[in-house]
Amino acid sequence: MEYIQVLGIILLTLVIAAVSGVAGFWLRARVYEAKIGTAEEQAAQIRRLAEEEAEARRREAALQVKEQEQRLRERLEQETRQRRAELQQLERRLDQREDGLDRRLEQLERKEESLQKKDSELEEARRELQALQEKAREELAKVAALTPEQAREIILKQAEEEARHDAAVLVRDLENEARAEGERRAREIIATAIQRYAAEHVAESTVSVVNLPSDEMKGRIIGREGRNIRTFEQLTGVDLIIDDTPEAVIVSAFDPIRREVARMALERLVADGRIHPARIEEMVAKARRDVEQRIREEGENAALEAGVHGLHPELIKILGKLRFRTSYGQNVLSHSLEVCHLAGMMAAELGVDEKVARRAGLLHDIGKAVDHDVEGTHVQIGMELLRRYHESESVIHAMSCHHGEFEPHSVEAVLVTAADALSAARPGARRETLELYVKRLEKLEAIADSFAGVEKAFAIQAGREVRIMVKPDRVDDAQAAQIARDISKRIEKELEYPGQIKVTVIRETRAVEYAK
């Protein structure tokens with residue numbers, strides 16, 4: 001009985017296990033089917049997203065291709081327009097040259113026709129002369145009963161005199177025609193050169209304006225009891241005008257280099273904000289170095305613009321100084337460049353040495369850069385400078401004749417003289433009053449500098465005051481007063497000026513020690 005119960009339990013257990021297995025298998029199958037369905041949905045969704053992304057990227061790539069194609073098309077159109085403009089410009093130039101050649105060809109044809117006409121007239125006159133000679137020979141033989149030899153001699157003498165007369169008339173006509181043609185051609189060459197080089201000209205001024213951030217800066221520039229402005233004016237030799245002009249200070253000096261140094265130093269002091277005598281000395285020294293560097297650069301740029309190569313470095317430096325020199329209000333470096341271009345263009349038209357004309361035109365006024373330091377005219381000083389720095393004699397001769405001090409022996413010398421006159425004589429190019437004013441100030445400083453013990457002299461206040469700094473170790477206070485009196489007497493004797501001129505002599509002693 002127990003065995004049967006055990007067996008029933010085992011059978012029941014097996015049945016339950018079988019049912020559980022079947023149920024578990026069925027459940028797993030349902031789970032797997034659900035997972036497969038989910039995976040398929042995810043795969044379809046991923047495929048759909050990938051297709052959408054691929055389509056978006058394809059559209060984006062197509063758009064980029066279109067944009068790049070549009071840019072390339074615009075660039076190509078721009079280049080095509082530029083090329084078309086260049087071609088049109090070249091066509092216009094070719095048309096102009098063709099018109100010029102046509103005009104010259106017409107002139108030559110007219111001259112040839114005129115010569116042919118004159119030749120035919122001369123031949124006809126010769127035939128008429130022969131006929132007259134025959135007729136005269138026959139008449140002489142009949143009337144005077146001369147031998148043929150005697151008649152021939154008389155007729156030949158008459159024919160010779162008539163031929164000489166006709167030849168003289170023809171030569172005179174040809175000379176007049178050649179002279180008229182030469183004058184017309186000269187006017188054409190000069191007009192062409194001026195039209196090709198139509199540079200602007202500006203009259204130079206004797207003041208510079210320095211803008212300030214505020215009117216408060218004016219008080220800092222003046223300094224306590226005026227020590228800053230006094231130090232600045234003594235170091236630079238300019239007149240610093242601080243008036244009611246809002247946010248501006250005027251730097252006045254007839255020497256452009258001195259005025260440029262003062263302007264640069266003052267602008268840097270204003271930007272820095274630290275304004276005191278020691279800082280002023282430092283900024284003025286730095287501004288002088290910068291102006292010297294600018295002078296060298298101006299000379300190099302001028303030589304490059306003029307197409308003149310191989311100049312000595314010292315000549316280039318002296319040439320750069322002309323940027324800060326004026327002649328009757330006209331900037332001398334701009335004037336020299338203009339003379340260089342005009343002389344070169346006329347030399348090219350005439351078929352002479354264009355390089356010599358350009359070089360002489362650029363250097364013709366180089367003596368003006370140092371004529372306030374060296375005795376002699378600027379032409380003589382320029383000749384000495386060019387010889388010192390090994391310029392050719394052809395260039396020296398061409399530049400030396402532009403004021404008539406020497407007789408020109410080359411076409412280039414005549415062209416430089418003509419170009420100098422053209423540049424200086426253009427309306428508005430020069431102002432004589434400014435030149436006279438500058439010469440008076442230079443003379444004023446020269447008188448002060450000629451006295452022993454004078455270290456520096458500056459003409460300020462538009463020439464109404466000359467400020468002189470003496471060497472304290474050589475001049476005492478009593479001698480300083482005597483120097484001021486002597487200078488004022490000499491100014492009254494040698495200069496003509498409106499109003500009065502104040503002579504100020506400054507004797508300053510400094511004691512400097514270094515703490516170690």
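Which helices each supply at least two residues of the lining of the largest cavity? In this predicted model, the answer is α4 and α5, the latter spanning residues 256-272. Before turning to that cavity in detail, it is useful to set out the whole.

The protein contains 14 helices together with eight strands. Of its 516 residues, 32% count as buried. Among contacts between residues at least 6 apart in sequence, 63% join residues at least 24 apart.

The count of cavities of 30 Å³ or more comes to one, and the largest cavity holds about 40 Å³ of space. A general principle underlies such a search: rolling a probe the size of a water molecule over the atoms shows where empty space is left. The residues lining the largest cavity are Ile221, Asn228, Ile229, Phe232, Leu240, Leu266, Leu269, Ile275 and Ile280. With three residues, α4 gives the most to this lining.

Helix α4, residues 227-236, also leads to the next element, for it lies across β6, β7 and β8 and runs at about 105° to β6. These three strands form an open sheet in the order β6-β7-β8, with mixed pairing. Its edge strands are β6 (454-460) and β8 (502-506), each of which pairs on one side only. On average, and with direction ignored, neighbouring strands of this sheet are turned by 15° against each other.

The mixed character of the sheet can be followed strand by strand. As a general matter, strands of a sheet pair through backbone hydrogen bonds, either parallel or antiparallel. Here β6 and β7 pair in the antiparallel sense over six bridges, and isoleucine 460 has glutamate 465 in β7 as its bridge partner. Strand β7 (residues 465-470) and β8, by contrast, pair in the parallel sense over five bridges. Within that parallel pair, valine 466 has valine 503 in β8 as its bridge partner, while arginine 467 stands opposite threonine 504 in β8.

How many of the residues of β7 are buried? Six of its six residues are, and the strand is mostly covered. Both of its faces are covered: Glu465, Arg467 and Met469 are buried on one side, and Val466, Ile468 and Val470 on the other. A further helix, α14, packs on the sheet and touches β7 and β8, its direction making about 150° with that of β8.

Another buried element is helix α7 (residues 313-321), in which Leu315, Ile316, Ile318, Leu319 and Gly320 are buried. The cover over these residues includes α6 (277-306), α8 (332-350), α9 (354-363) and α10 (378-388).

The charged side chains complete the picture, with 25 salt bridges in the structure. One of them returns to α14: arginine 490 forms a salt bridge with glutamate 494, the closest N and O atoms being 2.9 Å apart. Because the two residues are four apart in helix α14 (residues 477-494), about one helical turn separates arginine 490 from glutamate 494. The geometry follows a general rule: an α-helix has 3.6 residues a turn, so residues three or four places apart point the same way. Arginine 490 is partly exposed, with a relative accessible area of 30%, and glutamate 494 is partly exposed at 37% relative accessibility. Elsewhere, salt bridges that share partners join Glu260, Arg263, Glu267, Arg294, Glu298 and Arg323 into one network.

Helix α1 (residues 2-143) holds both arginine 57 and glutamate 53, which are four residues apart, about one turn of the helix. The side chains of arginine 57 and glutamate 53 meet in a salt bridge with an N to O distance of 2.8 Å. Is arginine 57 buried or exposed? With a relative accessible area of 55%, arginine 57 is exposed, because exposed means over 50%. Glutamate 53, at a relative accessible area of 41%, is partly exposed.

A further salt bridge links arginine 274 with aspartate 272, the closest N and O atoms being 2.9 Å apart. Arginine 274 counts as partly exposed at 46% relative accessibility, and aspartate 272 likewise counts as partly exposed, at 29%.

Note on methods. Residues are numbered from 1 along each chain as its sequence is written. This is a predicted model: local features need pLDDT of at least 70, side-chain atom pairs count only at pLDDT 80 or more; totals for chains, interfaces and linings use all residues. Side-chain values use heavy atoms; hydrogens and water are left out. A salt bridge is a side-chain nitrogen of Lys or Arg within 4 Å of a carboxyl oxygen of Asp or Glu. Buried means under 20% relative accessible area, exposed over 50%, partly exposed in between (1.4 Å probe, protein chains only). Two strands pair if DSSP finds at least two bridges between them. Axes are lines fitted to C-alpha atoms, for helices over the stretch in contact, and angles run from 0 to 180 degrees between N-to-C directions. Contact means heavy atoms within 4.5 Å. On a 1 Å grid over the protein atoms alone, a cavity is a set of points where a 1.4 Å probe fits but cannot get out, and a pocket is an open set with protein on both sides within 12 Å along at least five of seven lines; lining residues have an atom within 4 Å of a point. Grid points are joined across faces, edges and corners, and a volume is the space filled by probe spheres set on the points.
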